[in-house]
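Trainee: Please give me a close look at a single part of this model, and then tell me about its surroundings. I work at the bench, so spell out the cut-offs as you go.

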Amino acid sequence: MNSSSFDQTICRRHTGSIKWEKYPGSDVIPMWVADMEFATSPAIINAMKKRLDHPILGYTTGTEALAHTVTEYLQKTHHWTIDPDWLVWLPGVVPGLAALTSMLNTDDQIMLFTPAYYPLLQIPDKYSRQRVDVPLVYEENRWVIDFDLFEKSINPNCRMLFLCSPHNPVGTIFSADELTRIVEICTEHNILVISDEIHCDLVLHDSKTHTATGRVAGDMQSNVVTLMSPSKTYNLAGANCSFAVIPDANYRQSYKDKCMFTLPIVPTLSYTAAEAAYQFGQEWHAQLITYLRNNLQTLQAEIDQIPYLSMDNPEATYLAWIHTADLPVNDANDFFVNAGVGLSPGAHFGDANYQRLNFACSNSQLLEGLRRIREAVESL
Ligand SMILES: Cc1ncc(COP(=O)(O)O)c(C=O)c1O
């Protein structure tokens, strides 16, 4: 795969794609849910095809080889040493979060930094656990944690923090210092840190790197549960191979017990895809990042030219958080859909002043979406 493969615009209509089926019978370009318009790495597709040469799929478990591959990936890519026994395979990060929530007592509360990826907002409500929101603040071109506010917001019932690192939707990469401080505060108050790091390999600023929360936690590591997956990075959304890293043996066993019978086991082909992604995906991944960085430049340059709109440069993810509150329209999301572009309403993430735009598509599709946005706004 080379960069021209990323330039292809692949038709996904009639493939059951949630993203594309949202606007049936229209030519709306969907730039909302977080899957990419790029063909998955051929190395992954080929590994899945090869697995299908064997005619039986069956109930499958994560093999020792996969545990070794993931452990090595964490070591090489994120300089984080884990014991392979700490891994728990999951059919998704979101179900994994839901199962963690269900381990809380009914009056336990969950903290999170807002805005936030909408399942993080909704899971506490669905499981009747109270949520304590701590709004992020905008400082020096970055959305950051107000640590005073964070500490002041803690009450004796707070038992979990849902941390999204890097952050969806605002794109912040938290520094090692910020993460250490989060873990220290949480450990002091007996709050378990749930670190959703699904976007960890989508770093767009070349001066930044992702830091694994579990790595900086040091001797507080038993107070951190990490959730990861190759799904965002390798366009395997919906392929259901995610994992938790849980250093504390007792908690890990309780979690496995909680997941048993309630979460489905990971499908055979998903394990195959995950192993191929971590083993053979590096070159494709490097090309992806180059392509996304270029798309981000295109997007930023265009948004800067469009009246009423502004955006922050995300440090990671392929999701742009666009400020639309100055637009003289009633409903910005409807306005853009009518213009032919489907975005994610910021309200779903807890801030109606924004729309989220997924720029993981061919540069030509991105330019066409931006042309539609620009023409619609200029006609106001
Ligand atoms: C922060 C975050 N966590 C989890 C998910 C979804 O994870 P999964 O599909 O493994 O449930 C997403 C998808 O966009 C996400 O942005």
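Mentor: What follows is a close look at the open sheet, and then at some other parts of the model. Keep in mind that this is a predicted model, where local features need pLDDT of at least 70 and side-chain atom pairs count only at pLDDT 80 or more, while totals for chains, interfaces and linings use all residues. Residue numbers start from 1 along each chain as its sequence is written.

The sheet is open and has seven strands, in the order β2-β10-β9-β8-β7-β3-β4, with mixed pairing. Strands (E, at least two residues) and helices (H or I, at least four) are DSSP runs numbered from the N terminus, and two strands pair if DSSP finds at least two bridges between them. At the edges sit β2 (87–90) and β4, each of which pairs on one side only. From one strand to the next, the twist averages 20°; angles run from 0 to 180 degrees between N-to-C directions, with axes fitted to C-alpha atoms, for helices over the stretch in contact.

Now zoom in on β9, residues 224–228. Five of its five residues are buried, a label for residues with 20 or more other C-beta atoms within 10 Å of their own (exposed is 12 or fewer, partly exposed is in between, and C-beta atoms are placed from the backbone). Val224, Thr226 and Met228 point one way, Val225 and Leu227 the other, and all are buried. One partner is β8 (residues 192–196), joined to β9 in the parallel sense over four bridges, with Ser195 opposite Thr226. β10 (residues 242–245) pairs with β9 in the antiparallel sense over three bridges, and there Phe243 is the bridge partner of Met228.

Elsewhere in the sheet, β3 (residues 109–114) and β7 (residues 158–164) are parallel, linked over four bridges; Met111 has Leu161 of β7 as its bridge partner. Across β3, β4 and β7 lies α6, which runs at about 155° to β4. The loop between α6 (118–126) and β4 (130–135) holds Ser128. Ser128 counts as exposed because 10 other C-beta atoms lie within 10 Å. Asp107, 21 residues away in sequence, is 8.7 Å from Ser128 in space, C-alpha to C-alpha.

Next, Ala34 and the ligand. Ala34 belongs to the loop between β1 (29–30) and α3 (42–51), and is buried because 21 other C-beta atoms lie within 10 Å. Beyond its neighbours within four places in sequence, Ala34 is in contact with Lys232, Ala237, Leu319 and Asn358; contact asks for C-beta atoms, placed from the backbone, within 7 Å. The C-alpha atoms of Ala34 and Asn358 are 6.5 Å apart, although 324 residues separate them along the chain. Ala34 is also among the closest of the 13 residues surrounding the ligand, along with Gly92, Val93, Val94 and Asn168; a residue is near when its C-beta atom, placed from the backbone, lies within 6 Å.

Finally, the domains: domain 1 (3–42 + 282–378) and domain 2 (56–280) divide the protein chain, with bounds from an automatic or database domain assignment. Their contact takes 24 residues from domain 1 and 28 residues from domain 2. On the domain 1 side, α12 (282–305) and β12 (319–323) each supply at least two residues, and α12 gives the most, with four.

Conventions
Two residues are in contact if their C-beta atoms, placed from the backbone, lie within 7 Å.
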